[in-house]
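This report covers the nonpolar core, the domains, the ligand shell and some backbone details of one protein model.

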Amino acid sequence: MGITNVKHSLPGPKSRELLEKWNKYEADVVGYQAPLVWESAKGCVVSDVDGNTFIDWTSGVLVTNVGHCHPHLLQAARNASEDLLNNYECANTYRIEAAEKLVRALPKHLDKCFFLTTGSEAIEASLRLMKRKTGNFEIISFGGGFHGRTPGAASVGGLAGPKKKYGPVIPGVIRAQFPNPYRDPLGFCDDGPDFRKYFDYLDFTVNTDSTGSLAGVVVEPYQGASGFIFPPKGWLKKLRQWARDKNLLFTLDEVQASYGRTGRMWAMEHEDLLPDIVVFGKGIGSGIPVSAVCSTSEIFSCLKKGEMSSTLGGNPVASAGVVAVLEIFEKENLVGNSAKMGEYIKNGLEAIAQKCPYLGDVRGMGLVMGMEFVKDKATKEPAPELIKPIINNCANNGLLVGSVGMYGNVIRVAPPLTINKQEADESLAIMEKVLTSLKL
Ligand SMILES: Cc1ncc(COP(=O)(O)O)c(C=O)c1O
């Protein structure tokens with residue numbers, strides 16, 4: 001059509017051969033993806049080994065916020081790797097610069113960071129901080145939440161998948177409800193900004209479940225893996241206040257919501273949240289593996305020397321990535337583009353929803369949106385069987401999308417923040433073509 005070009009039904013011949021080889025040697029345990037083998041990507045455009053080109057609405061999994069293979073990021077990684085690949089816990093110039101740059105970019109009260117490698121690892125670090133600082137062990141987390149696959153992260157997570165046959169989970173997790181405006185049988189979203197019904201129920205949950213050892217709360221600004229569920233405006237602010245009133249530490253999991261994804265640099269800005277601890281991953285390296293836990297000097301002071309460490313955390317290449325990504329955000333208006341193009345794409349999707357009987361909800365902010373598919377818009381019965389055909393038909397027409405959702409019925413819309421109008425128009429046209437010919 002212009003940017004995209006898919007010459008044949010996927011997988012193409014080279015992809016087919018390589019996928020067979022892949023499945024022969026690496027365990028085939030990842031989620032479903034369109035059948036192709038990525039060769040390269042620039043900005044929002046992906047090429048496969050058969051010479052097909054696609055527009056990417058995945059950013060990996062909300063990782064490549066600055067665009068795939070941004071030249072400044074590549075150069076920074078190249079430069080650092082020429083100098084030094086690893087030095088474990090020692091200082092290196094890249095690590096020092098990364099720490100300074102990250103802390104200076106954050107709200108003022110967050111004056112310390114610590115670098116790790118994955119989002120899950122950084123969540124584990126945040127749990128350690130909350131427990132060590134308070135001397136308590138109970139963590140309040142939310143049904144449908146996803147914080148990673150390591151034991152602590154999976155235990156505070158509120159999805160069955162990462163915990164399946166992996167129990168027992170760690171003790172001391174108190175599970176609260178997450179208000180979901182699209183599916184709200186208990187009316188938890190109704191009475192904002194006080195959300196009386198919700199917070200009465202939360203008090204009841206804590207009063208009946210806690211052994212009196214509450215340490216803190218961990219929450220996502222929106223629930224990503226559960227299907228991009230955005231709580232009603234004001235709820236997070238109220239939750240933050242509720243935690244403060246009870247002297248609980250408040251950890252915001254911005255592993256996927258940060259770095260411009262929601263149309264603000266940090267998701268916490270939307271409601272001036274001032275969390276005690278914030279966790280970053282994904283976009284912080286935009287493809288270079290790195291994560292961080294950020295907090296106050298006072299909270300970090302609960303750990304003595306040697307009590308937090310990671311083999312690859314703060315390595316020079318990852319640290320150079322942290323710096324380069326922040327420099328790209330300083331130079332390019334990615335946050336503004338996320339807000340502007342996000343609104344444009346959302347309007348386009350809402351128009352498509354009028355023509356597609358199965359697209360029950362389009363929701364999101366900035367360049368992170370969920371499209372929830374149902375059998376019937378009145379009953380809202382989930383329609384997970386539509387997801388694989390949508391992924392395949394989109395890919396065959398030149399658009400890469402992925403799926404999420406507690407019921408497996410949500411398509412994620414999360415292109416790199418560099419997406420322009422031409423790319424948005426072409427990808428929306430593909431989505432419209434696919435959805436208007438969709439049959440249950
Ligand atoms: C909100 C959130 N927290 C934590 C994680 C875990 O990150 P990682 O896969 O890098 O361990 C993810 C990953 O998708 C996430 O979305």
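Which residues in the largest nonpolar core touch the most other members? In this predicted model, the core holds 127 residues, and those with the most contacts to other members are Ala292, Val293, Val322, Val325, Met371, Cys394 and Leu399. Helix H10, spanning residues 316–331, contributes the most to this core, namely 10 residues. Both domain 1 (13–66 + 333–436) and domain 2 (71–331) supply at least three residues to the core. In soluble globular proteins, nonpolar side chains tend to be buried together.

Cys394 illustrates the packing. Leaving aside residues up to four places away in sequence, Cys394 touches Leu399, Val401, Ile430, Met431 and Val434.

**Domains**

The domain assignment divides the protein into domain 1 (13–66 + 333–436) and domain 2 (71–331). Between the C-alpha centres of domain 1 and domain 2 the distance is 25 Å. Contacts between them involve 27 residues of domain 1 and 26 residues of domain 2. On the side of domain 1 that touches domain 2, at least two residues come from each of helix H11 (334–355), strand E11 (359–365), strand E12 (368–373) and strand E15 (410–413). H11 provides the largest share of that side, with 5 residues. By class, the side of domain 1 that touches domain 2 has 14 nonpolar, 8 polar and 5 charged residues.

**Ligand shell**

The ligand is surrounded by 15 residues, of which Thr118, Gly119, Ser120, Gly148 and Val255 come nearest. Helix H5 (residues 119–134) gives the largest share of the shell, 3 residues. The shell consists of 5 nonpolar, 8 polar and 2 charged residues.

**Backbone details**

Two cis peptide bonds and two positive phi values are listed below.

| Site | Backbone value | Location |
|---|---|---|
| Leu10 to Pro11 | cis, omega near 0 degrees | Pro11: segment before helix H1 (13–25) |
| Gly192 and Pro193 | cis, omega about 0 degrees | Pro193: loop between strand E6 (173–176) and helix H7 (196–209) |
| Leu62 | phi near 60 degrees | helix H2 (residues 59–62) |
| Cys69 | phi near 50 degrees | loop between H2 and helix H3 (71–83) |

Neither Leu62 nor Cys69 is a glycine. Are these two residues buried or partly exposed? Leu62 counts as buried because it has 24 C-beta neighbours inside 10 Å. Cys69 has 14 other C-beta atoms within 10 Å, so Cys69 is partly exposed.

Terms used: Residues numbered from 1 in each chain as written. Predicted model: local features only at pLDDT ≥ 70, side-chain atom pairs only at ≥ 80, totals over all residues. Core = buried A, V, L, I, M, F, W, Y, C linked by C-beta atoms within 7 Å. Buried ≥ 20, exposed ≤ 12 C-beta atoms within 10 Å, placed from the backbone. Helix = DSSP H or I, 4+ residues; strand = E, 2+ residues; numbered from the N terminus. Domains from an automatic or database assignment. Contact = placed C-beta atoms within 7 Å. Near = placed C-beta within 6 Å. Nonpolar A, V, L, I, M, F, W, Y, C, P; charged D, E, K, R; others polar.
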